[in-house]
Every structure is written in structure tokens, then in C-alpha cells.
Amino acid sequence: MQLANFLIHLAYGSADPIYYLSDRNNHRIQVFQKDDKFFYAFGEFTDTGELGKFTSPADLTFNHNEDKLFITDWGNNRVQIFTPNGKFLSAIENGPNIPYSIRNPDGIFYTPDNHLLVASTRFILVFKEDGTYVSAITGTYENRKRFDDCIGVIMMSTGEIIIADGLDGTNSLIVF
């Protein structure tokens with residue numbers, strides 16, 4: 001087993017206390033037990049967009065039941081959905097019902113009202129758990145016409161959405 005190369009994000013499964021790490025440059029998800037011992041890994045590289053495989057997985061999050069793991073697949077411009085054991089279920093991909101394209105999705109957050117917030121370069125896209133497009137956050141801030149590069153998103157218990165926007169030298173936190 002090759003060691004991790006560029007671990008980027010972490011999700012924690014509380015039902016089975018294990019940790020899920022996106023191993024971006026090895027194009028897989030690594031899973032560790034609570035005692036930090038390697039448990040298993042899933043995923044492999046695809047340059048053809050094959051479902052269930054990755055090109056630079058970035059962030060990951062569970063739904064509230066912890067029976068679905070949502071993973072941003074940065075290089076394939078989509079969100080893939082897996083069981084906690086690594087079985088591929090489905091994907092949220094660009095299509096005619098999504099007016100703003102999923103482009104290099106980085107951050108992802110599962111909200112208390114069962115929606116996904118996906119940081120997708122210039123927008124925060126909002127989806128239902130089943131992948132149905134709901135809306136996008138595209139507004140301006142600080143006299144800018146658009147976001148520069150959305151790399152992370154979370155929702156506070158107050159309902160405020162915090163967006164990490166950066167990688168172009170600005171490195172801003174924006175609160176909506």
C-alpha cells in the first residue's frame with residue numbers, strides 16, 4: 001500500500017468510529033480505525049470519467065444517517081456518492097438541469113436541512129441529497145463581480161454560510 005500523497009480533507013463516521021481521508025494525488029479515499037490503523041481504501045484513477053473512480057478527490061461529507069458519503073471529484077467535475085464501505089451509488093454531474101456548471105468542485109458540506117453545499121470554483125451550488133439542483137450562491141461581495149476560487153464551504157448552526165475563497169492571493173472568508 002502506497003503511503004498517502006496530499007491528504008486534503010477528513011470525514012468522521014460516528015456510528016463506526018473511523019476516519020475517511022481524501023488522498024488526492026493517489027486518487028482514492030483512505031479509511032482508518034479510531035486507533036489510527038489503516039482499515040481499507042477505495043477508488044482509483046480515471047482519465048475517462050468512469051463512475052466510481054476519481055481524478056483528484058477533494059472533500060467529503062456524510063449525510064445525517066451516515067449511510068451516504070459524498071465526495072467532490074475535482075478533476076471530473078462532479079460529486080460522487082458512495083456507501084461508507086466504498087460501494088459506488090450515484091453521481092451528481094453537469095447536465096441541462098444545472099444552470100451553473102460544476103467545475104473543479106473542492107469543498108462540500110451537508111446542511112441540517114438535508115442539502116449539499118458544493119464549492120465549485122465561481123459558485124456555491126446547492127443540491128438536494130438525491131442530486132437535484134436547488135440553487136446557486138453567485139452574489140458579489142466587497143465590490144467584486146464574482147468569487148475568485150471557492151475552495152471550501154460550511155454552514156454555521158445560525159444558518160450563516162461561510163465560504164473560503166482564495167488561491168489567487170486574496171484568501172478571503174465570506175459570510176452569507
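## A walk through an all-strand chain

Show the whole surface to begin with: the chain exposes about 8,900 Å², and carbon and sulfur atoms supply 50% of that area. Keep in mind that you're looking at a predicted model. Now switch to a cartoon view. You'll find 15 strands and zero helices. Of the chain's 176 residues, 45% count as buried. Contacts reach along the sequence too: among those between residues at least 6 apart, 40% join residues at least 24 apart.

**Stop 1: a sheet of four strands**

Select residues 105-110 and 133-137, which are strands S9 and S12. They belong to an open, antiparallel sheet with the order S9-S10-S11-S12. S9 and S12 stand at the edges with a single partner strand each, so one side of each has no neighbour in the sheet. Look along the sheet and you can follow its twist, which averages 20° from one strand to the next.

**Stop 2: strand S10**

Next, select residues 115-120, which make up S10. Is this strand buried or exposed? Six of its six residues are buried, so S10 is largely enclosed by the rest of the structure. Turn on the side chains: His115, Leu117 and Ala119 point one way, while Leu116, Val118 and Ser120 point the other way.

Now bring in the partners. S10 runs antiparallel to S11 (residues 123-128), and six bridges join the two. Four bridges join S9 to S10, again antiparallel. Click on Leu117 and look to both strands: Phe109 stands opposite Leu117, and in S11 the bridge partner of Leu117 is Val126. One more to try is Leu116, which stands opposite Phe127 in S11.

**Stop 3: turns and loops with positive phi**

Follow the backbone between S9 and S10. These strands form a hairpin with four residues between them, and Asn114 in the turn has a positive phi of about 65°. The hairpin of S10 and S11 has two residues between the strands, and there Thr121 takes a positive phi near 55°.

Two loop residues are worth a click as well. Asn104 sits in the loop between strand S8 (88-93) and S9. Asn104 isn't a glycine, yet its phi is positive, about 45°. Then jump to Glu66, in the loop between strand S5 (57-62) and strand S6 (69-73). Glu66 isn't a glycine either, and has a positive phi of about 60°.

**Stop 4: the aromatic rings**

Finally, show the aromatic side chains. How many aromatic pairs does the structure hold? There are nine. Start with Tyr20 and Phe62: their ring centres are 5.1 Å apart and their planes stand at 80°, so this pair is edge-to-face. Tyr20 lies in strand S2 (residues 18-23) and Phe62 in strand S5, so the pair ties together parts that are 42 residues apart in sequence. Tyr20 is buried, with a relative accessible area of 2%, and Phe62 also counts as buried, at 10%.

Move on to Phe32 and Phe38, another edge-to-face pair, with 5.7 Å from centre to centre and 80° between the planes. Here Phe32 counts as buried, at 17% relative accessibility, whereas Phe38 is partly exposed at 36%.

For the last selection, pick Phe42, Phe54, Phe82 and Phe88 together: ring pairs link these four into a cluster.

Notes
Residues are numbered from 1 along each chain as its sequence is written. This is a predicted model: local features need pLDDT of at least 70, side-chain atom pairs count only at pLDDT 80 or more; totals for chains, interfaces and linings use all residues. Side-chain values use heavy atoms; hydrogens and water are left out. Two strands pair if DSSP finds at least two bridges between them. Axes are lines fitted to C-alpha atoms, for helices over the stretch in contact, and angles run from 0 to 180 degrees between N-to-C directions. Buried means under 20% relative accessible area, exposed over 50%, partly exposed in between (1.4 Å probe, protein chains only). Contact means heavy atoms within 4.5 Å. Accessible areas come from the Shrake-Rupley method with a 1.4 Å probe; for residues, only the protein chains shown count as cover. Rings of Phe, Tyr and Trp (its six-membered ring) pair if their centres lie within 6.5 Å; planes under 30 degrees apart count as stacked, over 60 as edge-to-face and the rest as tilted.
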